[in-house]
Amino acid sequence: METETATRWLTDAEQCAWRTHLEVNRLLTYQLERDLQPFGLTMNDYEILVNLSESEGVRMRMSDLASATLQSKSRLSHQITRMENADLVRRENCESDRRGLFAVLTDHGLETMRKVAPHHVGSVRRHFIDLLSPEALQELHKSLTPIAEHLRGQRGRP
């Protein structure tokens, strides 16, 4: 027997917090994208470069990179093709698994990261970090951590 539960509509305060979160998320993403444009990069490109630059051997299995960047394997494959054409990454076969592929940061990709990272960090500071007090940043981290943990646990679930 199916039990009907009443919808718990958002209170005015909850609605305000939710909509502010959505607006900040969209506006911040838009601004960070704009600040990467002079370098010919998108936020997705930059996220891939960061993941590869922080990985052992500046390489990751494509399936792991898709998971780390929350992209489908198909979408990541198209993204990597575009980044290969820009000589930022290359694909290599996986010796231990013939079906597996690695995305590998090229020398040009690593140099691009070194050049872009200071500008990106400056953008993050200008448009986010420096607008909050150290106490507010700590509270924000504390507030968002349970949400992040919950959502990580939901990955792959319907």
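**Group meeting: helix H2 and its surroundings**

Okay, let's start with a helix pair: the axes of H2 and H4 come within 11 Å, and they cross at roughly 85°. That makes H2 roughly perpendicular to H4. Before I go on, please keep in mind that this is a predicted model.

So who is touching whom here? On the H2 side of this contact you have Asn44, Asp45, Ile48 and Leu49. They meet Arg75, Leu76, Gln79, Ile80, Arg82 and Met83 in H4. If you sort the residues of that contact by class, you get five nonpolar, two polar and three charged.

Now turn to the other partner of H2. Helix H2 runs over residues 43–53 and helix H5 over 107–127, and they pack at an angle of about 115° with the axes 10 Å apart. Again, that makes H2 roughly perpendicular to H5. As for handedness, H2 passes H5 in a left-handed crossing.

From H2, the residues taking part are Met43, Tyr46, Leu49, Val50 and Ser53. Across from them, in H5, sit Gly109, Thr112, Met113, Val116, Ala117 and His120. By class, this contact has seven nonpolar and four polar residues, and no charged ones. Compare your notes on H4, where the contact with H2 does include three charged residues. And if you were listening for repeats, Leu49 is on the list for H4 and also on the list for H5.

Next, the loop between H3 and H4. Helix H3 covers 62–68 and helix H4 covers 73–85, and Gln71 is found in the loop between them. Is Gln71 buried or exposed? Its relative accessibility is 8%, so it counts as buried. Leaving out neighbours within four places in sequence, Gln71 is in contact with Asn44, Ile48, Ala66, Leu76 and Gln79. Some of those names should ring a bell: Asn44 and Ile48 are in H2, and Leu76 and Gln79 are in H4, where they take part in the helix contact I opened with.

Thr69 is in that loop between H3 and H4 as well. With 6% relative accessibility, Thr69 counts as buried. Which residues does Thr69 touch, not counting those up to four places away in sequence? They are Glu47, Ile48, Asn51 and Leu76. Ile48 and Leu76 are thus contacts of Thr69, and both turn up among the contacts of Gln71 too.

Moving into H3 itself, take Ala66, which lies in that helix. Ala66 counts as buried, at 4% relative accessibility. Setting aside neighbours within four places, it is in contact with Gln71, Ser72, Lys73 and Leu76. For a sense of distance, Ala66 and Trp18 are 48 residues apart along the chain, and their C-alpha atoms are separated by 28 Å.

Also in H3 is Asp64. Asp64 is partly exposed, with a relative accessible area of 41%. Along the sequence, Asp64 and Ala103 are 39 residues apart, yet C-alpha to C-alpha they are 9.8 Å apart in space.

A similar kind of pair involves Ser55, which is in the loop between H2 and strand S1, residues 59–61. Ser55 is buried at 17% relative accessible area, because the cut-off for buried is under 20%. Ser55 and Leu105 are 50 residues apart in sequence, and their C-alpha atoms are 9.7 Å apart.

A word on backbone angles, since somebody always asks. Where does the phi angle of Val58 fall? It is near 45°, a positive value in a residue other than glycine. Val58 is in the loop between H2 and S1, and at 25% relative accessibility it counts as partly exposed. Asp87 has a positive phi too, near 60°, and it isn't a glycine either. You'll find Asp87 in the loop between H4 and strand S2, residues 89–93. Asp87 is partly exposed, with a relative accessible area of 43%.

Last item, cysteines. How many disulfides does the structure hold? Zero. Cys16 is partly exposed, at 49% relative accessible area, whereas Cys94 counts as buried, at 5%.

To wrap up, the picture to take away is H2 roughly perpendicular to H4 and roughly perpendicular to H5, with the buried loop residues Gln71 and Thr69 both touching Ile48 of H2.

Definitions and conventions:
Residues numbered from 1 in each chain as written. Predicted model: local features only at pLDDT ≥ 70, side-chain atom pairs only at ≥ 80, totals over all residues. Heavy atoms only, no water. Axes fitted to C-alpha atoms, helices over the stretch in contact; angles between N-to-C directions. Helix = DSSP H or I, 4+ residues; strand = E, 2+ residues; numbered from the N terminus. Parallel < 35°, antiparallel > 145°, perpendicular 65-115°, else oblique. Left-handed = near helix turned anticlockwise from the far one by under 90°. Contact = heavy atoms within 4.5 Å. Nonpolar A, V, L, I, M, F, W, Y, C, P; charged D, E, K, R; others polar. Buried < 20%, exposed > 50% of the residue type's maximum accessible area, 1.4 Å probe, protein only. Disulfide = S-S within 2.5 Å.
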